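Before going into single residues, it helps to walk through the fold in order. The paragraphs below do this in running text.

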Protein chains: 2
Amino acid sequence: MPEQNPIEHLIGLLARLPGFGRRSARRAVLKMLMQPEQAMLPLAAALQEAAAAVQPCRICGNLDAVNPCGICRDPQRDHGLICVVEGVSELWALERAHAHRGLYHVLGGTLSALGGVGPEDLAVQPLLARIEGAAEPVREVILALPATVDGATTAHYLTDRLRPTGVQVTRLAQGVPIGGALDVLDEGTLAAALKARRVV
Amino acid sequence: MPEQNPIEHLIGLLARLPGFGRRSARRAVLKMLMQPEQAMLPLAAALQEAAAAVQPCRICGNLDAVNPCGICRDPQRDHGLICVVEGVSELWALERAHAHRGLYHVLGGTLSALGGVGPEDLAVQPLLARIEGAAEPVREVILALPATVDGATTAHYLTDRLRPTGVQVTRLAQGVPIGGALDVLDEGTLAAALKARRVV
């Protein structure tokens, strides 16, 4: 098989996706080639449709086929409650947990002195503008940022910037994950969980 | 996020591919959505191109964008030597081992009493016709069938059917693990088994 025939080309593109290597890409392509009409063309169409339709929400930064996104335009959700996340992947994870009934705000990263990421590289100003201009007053901003040094730095910075707005700022609880065995947890999590212990 | 918006639809299709679950499909879609022009549209085009161009070779049954396939039309290969394989996936595995310089013949399965697969369901007659009608006489047929009961049954059956043609029939050397599928074997083992093939 010469390189860069259509099969090798397709395998090469699939193998670039995260979680996919050449071996699994080959298996997937072979399976699809067995039924091109049922497997390949619908996938091609879905890719084109998503590429054409999906864009970042102009309010919160979520990716969706409508703009504003389905969450921002949902009247059932609490528009006075905004959960700040690092990226869309964290937003989707929270949605799968069905635990947050408010809106979101995608920062687009965290502050990083080493990585050269400053406040102007993140959607900080849009967050403040959004709170100022909100039709329904924003009561609370939940900072759902990663439990890393950069995440903590970003949370501190945002808390300072949000103080003049008078909005209550909260952050996710830290502790032992549900179902998590204590002996495989890292020391940092254990120490944090112990420090934040609560009366039963 | 409502079900069956373009993003969920795409994730659902990707998650059906072997080796892909919903979690990795989500990660892949999110990564592609970050750069739709560079990642999604080329993949869509490659899928369409492969679906349109790739078909089974009318001589050997390999999948390729040309018909007869690149292997069958390669004058550098030994046209007097045919390696019989269960499927295209095994053919590709042998090609990756760079150990076989002849042609192939894809059976499309193995005989299976339990599975109700008989000789008429496999490309047995086309193999005999191919040997009879070959411009360059076929000297040897290598049976590269799985080391399973069905594989051994199929090898026996083919040996009987090939006897009247006077072609030498060989099989892969033992060394292929019992119950092992050819397409997940490492190339070194495949190459060694091919090199040490024995007369049946």
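Two strands are taken to pair if DSSP finds at least two bridges between them, and the strands themselves are DSSP runs of at least two residues, numbered from the N terminus. With that in hand, A:Val141 can be placed opposite A:Val169 in E6(A). Everything described here rests on a predicted model.

Chain A is divided into domain 1, which covers residues 6-53, and domain 2, which covers residues 63-171. Taken over C-alpha atoms, the centres of domain 1 and domain 2 of chain A are separated by 34 Å.

In chain A, four strands form an open sheet in the order E4-E3-E5-E6, and their pairing is parallel. Strand E4 (102-106) and strand E6 (168-171) of chain A are its edge strands, each pairing on one side only. From one strand to the next, the twist averages 25°. As a general point, strands of a sheet pair through backbone hydrogen bonds, either parallel or antiparallel.

Strand E5 of chain A, residues 140-144, is a good place to look in detail. With E6(A) it pairs in the parallel sense over four bridges, and E3(A) is joined to E5(A), again in parallel, by five bridges. A:Ile142 can be followed to both sides, since this residue stands opposite A:Thr170 in E6(A) and is also the bridge partner of A:Cys83. Because five of the five residues of E5(A) are buried, the strand is largely enclosed by the rest of the structure. In a regular strand the side chains alternate between the two faces of the sheet. In E5(A), A:Glu140, A:Ile142 and A:Ala144 point one way, whereas A:Val141 and A:Leu143 point the other way, and all are buried.

Helices cover this sheet. Helix H5 of chain A (residues 124-132) lies across strands E3 (78-85), E4 and E5 of chain A and runs at about 150° to E4(A). Helix H6 of chain A (residues 149-162) also packs on the sheet, where it touches E3, E5 and E6 of chain A, and its direction makes about 170° with that of E5(A).

Why does the structure hold zero disulfides over all chains? A disulfide requires a pair of cysteine sulfur atoms within 2.5 Å. The sulfur of A:Cys57 has its closest cysteine sulfur in A:Cys60, at 3.8 Å, which is too far for a bond. For A:Cys83 the closest cysteine sulfur is again in A:Cys60, but at 11 Å, and therefore also too far. A:Cys57 is buried, with a relative accessible area of 5%, and A:Cys83 is likewise buried, at 2%.

In soluble globular proteins, nonpolar side chains tend to be buried together. Here the largest nonpolar core has 88 residues, and those with the most contacts inside it are Leu14, Leu43 and Leu47 of chain A together with B:Leu14, B:Leu43 and B:Leu47. Leaving aside residues up to four places away in sequence, B:Leu43 touches A:Leu10, A:Leu13, A:Leu14, A:Leu17, A:Leu47 and B:Met32. A second, separate core of 18 residues includes B:Ile82, B:Ile131, B:Leu143 and B:Leu158.

Finally, B:Thr110 sits in the loop between strand E4 (102-106) and helix H5 (124-132) of chain B. This loop residue is buried, with a relative accessible area of 11%. Not counting residues up to four places away in sequence, the residues that B:Thr110 touches include B:Glu86, B:Val117, B:Leu122, B:Leu145 and B:Asp150.

Definitions and conventions. Residues are numbered from 1 along each chain as its sequence is written. Chains are lettered from A and ligands numbered from 1 in the order in which they are written. This is a predicted model: local features need pLDDT of at least 70, side-chain atom pairs count only at pLDDT 80 or more; totals for chains, interfaces and linings use all residues. Side-chain values use heavy atoms; hydrogens and water are left out. Buried means under 20% relative accessible area, exposed over 50%, partly exposed in between (1.4 Å probe, protein chains only). Axes are lines fitted to C-alpha atoms, for helices over the stretch in contact, and angles run from 0 to 180 degrees between N-to-C directions. Contact means heavy atoms within 4.5 Å. Domain bounds come from an automatic or database domain assignment. A nonpolar core is a set of buried Ala, Val, Leu, Ile, Met, Phe, Trp, Tyr and Cys residues joined through side-chain atoms within 4.5 Å.
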